[in-house]
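User: I would like to learn how to read a protein model feature by feature, with the cut-offs stated. Could you take me through one, giving the general idea and then the case at hand?

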Amino acid sequence: AMLGAAAFVGTLTGGMFFAFLLISGLANALCTCLALIDEDLWWVSLETVIALLVASHYASGLDAALHRTAVICLAGIFQMACVLTLDRLLPKSHPRPVLNIPIPATRRALTVYGLVAAASVMGATVVATGLHLDKAYWAPMTALIVLKPKYQLTKQRGFERLVGNVAGCAAATGLTFVLPSLGWLDLVLCVMGAGCAYALLKARYAAFSLAVSFTAVMLLYMAHTPALHGAEQRVYATLLGGLIAIVVMWIASKTVARDF
């Protein structure tokens with residue numbers, strides 16, 4: 001429901017740049033603040049913000065917004081049905097992971113971290129849009145994902161995401177040149193990439209980024225976008241979003257967040 005609502009808002013406001021910029025800034029600030037409170041809430045809000053960013057790229061009217069919302073909700077219901085079915089067939093208890101939050105969620109930390117996130121994402125959106133990147137939403141998405149409450153953590157995550165993205169884009173592009181262009185084969189590769197992404201979610205972040213980027217480029221290729229062009233655009237956006245997040249967090253670490 002939250003993903004559908006985010007897609008609805010993103011579709012309607014994506015064509016109103018300044019209104020969307022403000023909405024996305026507030027949404028990203030809230031998302032990053034939740035990372036200091038509960039990782040489960042952060043993960044749900046992260047997916048919601050991603051839906052908002054992606055939908056904004058396909059801005060349209062009310063009918064398209066309702067259609068996109070319905071499709072996302074139906075897909076979500078199908079996914080939950082699959083998960084619940086597998087849980088019944090293969091029941092297994094999973095202990096709640098210990099939270100690894102680097103700073104306490106004080107009012108000051110929430111305010112500073114929220115402002116840093118908003119500045120990073122809004123800055124990445126403005127620059128990526130100004131550069132006319134094909135998939136400009138990848139830049140603010142990267143800024144949001146790599147941002148961490150500590151500068152060193154943000155820098156490490158940004159580096160791993162860049163390495164993983166370059167490797168994933170290179171792998172996908174290379175396969176499109178080597179393998180024959182067959183619809184069923186491209187679909188199999190997409191499914192394998194998505195499966196690896198979920199399997200590597202809790203593993204090394206660079207490996208997870210590799211799988212995600214591989215899947216993204218293959219999906220674009222299936223939509224008749226040249227793989228090399230899609231790979232280039234993703235690398236540019238990832239580099240841009242990651243650098244902006246790192247720079248903003250570095251400035252914050254030297255000023256308002258130096259005691260974190």
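**Reading the model**

Analyst: Let us begin with exposure, where a residue is called buried under 20% relative accessible area, exposed over 50% and partly exposed in between (1.4 Å probe, protein chains only). Leu 228 has a relative accessible area of 45%, so this residue is partly exposed. Before going on, note that this is a predicted model, in which local features need pLDDT of at least 70 and side-chain atom pairs count only at pLDDT 80 or more, while totals for chains, interfaces and linings use all residues. Residues are numbered from 1 along each chain as its sequence is written, and side-chain values use heavy atoms, with hydrogens and water left out.

User: Which residues form a nonpolar patch on the surface with Leu 228?

Analyst: A patch is made of residues with over 30% relative accessible area and no salt bridge, where like charges are joined within 9 Å and nonpolar side chains (Val, Leu, Ile, Met, Phe, Trp, Tyr) within 5 Å; a salt bridge is a side-chain nitrogen of Lys or Arg within 4 Å of a carboxyl oxygen of Asp or Glu. Here Phe 177, Val 178 and Leu 179 join Leu 228 in such a patch, and together the four have about 420 Å² of accessible area, a quantity that comes from the Shrake-Rupley method with a 1.4 Å probe, where for residues only the protein chains shown count as cover. Leu 228 itself sits in helix α10, which covers residues 227-254.

User: How many helices and strands does the secondary structure of the protein have?

Analyst: Helices (H or I, at least four residues) and strands (E, at least two) are DSSP runs, numbered from the N terminus. The protein has 10 helices and zero strands, and its pattern along the sequence is α-α-α-α-α-α-α-α-α-α. Its radius of gyration is 19 Å, close to the 18 Å that the globule rule gives for 260 residues, so the protein is as compact as a globular protein of that length; the radius is taken over C-alpha atoms, and the rule is 2.2 Å times the number of residues to the power 0.38. Along the principal axes, the C-alpha atoms fill a box of roughly 55 × 50 × 40 Å.

User: What share of the 260 residues counts as buried, and which residues have the most contacts inside the largest nonpolar core?

Analyst: In soluble globular proteins, nonpolar side chains tend to be buried together. A nonpolar core is a set of buried Ala, Val, Leu, Ile, Met, Phe, Trp, Tyr and Cys residues joined through side-chain atoms within 4.5 Å. In this protein 43% of the 260 residues count as buried, and the largest nonpolar core has 47 residues, with Leu 46, Val 116, Trp 138, Met 141 and Leu 147 having the most contacts inside it. Helices α2 (17-34), α3 (39-57), α5 (107-130), α6 (138-146), α9 (205-222) and α10 each supply at least two residues of this core. A second, separate core of 10 residues includes Ala 172, Phe 214, Met 218 and Ala 231.

User: How should I read contacts, and what does Val 116 touch beyond its neighbours within four places in sequence?

Analyst: Contact means heavy atoms within 4.5 Å. With those neighbours left aside, Val 116 is in contact with Leu 147, Val 248, Met 249 and Ala 252. For the protein as a whole, among contacts between residues at least 6 apart in sequence, 79% join residues at least 24 apart.

User: Are Asn 28 and Ala 143 buried or exposed?

Analyst: Asn 28, in helix α2, counts as buried because its relative accessibility is 0%. Leaving out residues up to four places away in sequence, Asn 28 touches Val 49, Ala 117, Val 121 and Leu 144. Asn 28 and Gly 114 are 86 residues apart in sequence, yet 7.6 Å apart in space, C-alpha to C-alpha. Ala 143, in helix α6, is likewise buried at 0% relative accessibility, and its contacts outside the neighbours within four places are Ser 120, Val 121, Ala 124, Gly 241 and Ala 245.

User: Which residue other than glycine has a positive phi, near 60 degrees?

Analyst: Most residues other than glycine have a negative phi, and most peptide bonds are trans. His 132 has a phi near 60 degrees, a positive value; this residue lies in the loop between α5 and α6 and counts as exposed, because its relative accessibility is 65%.
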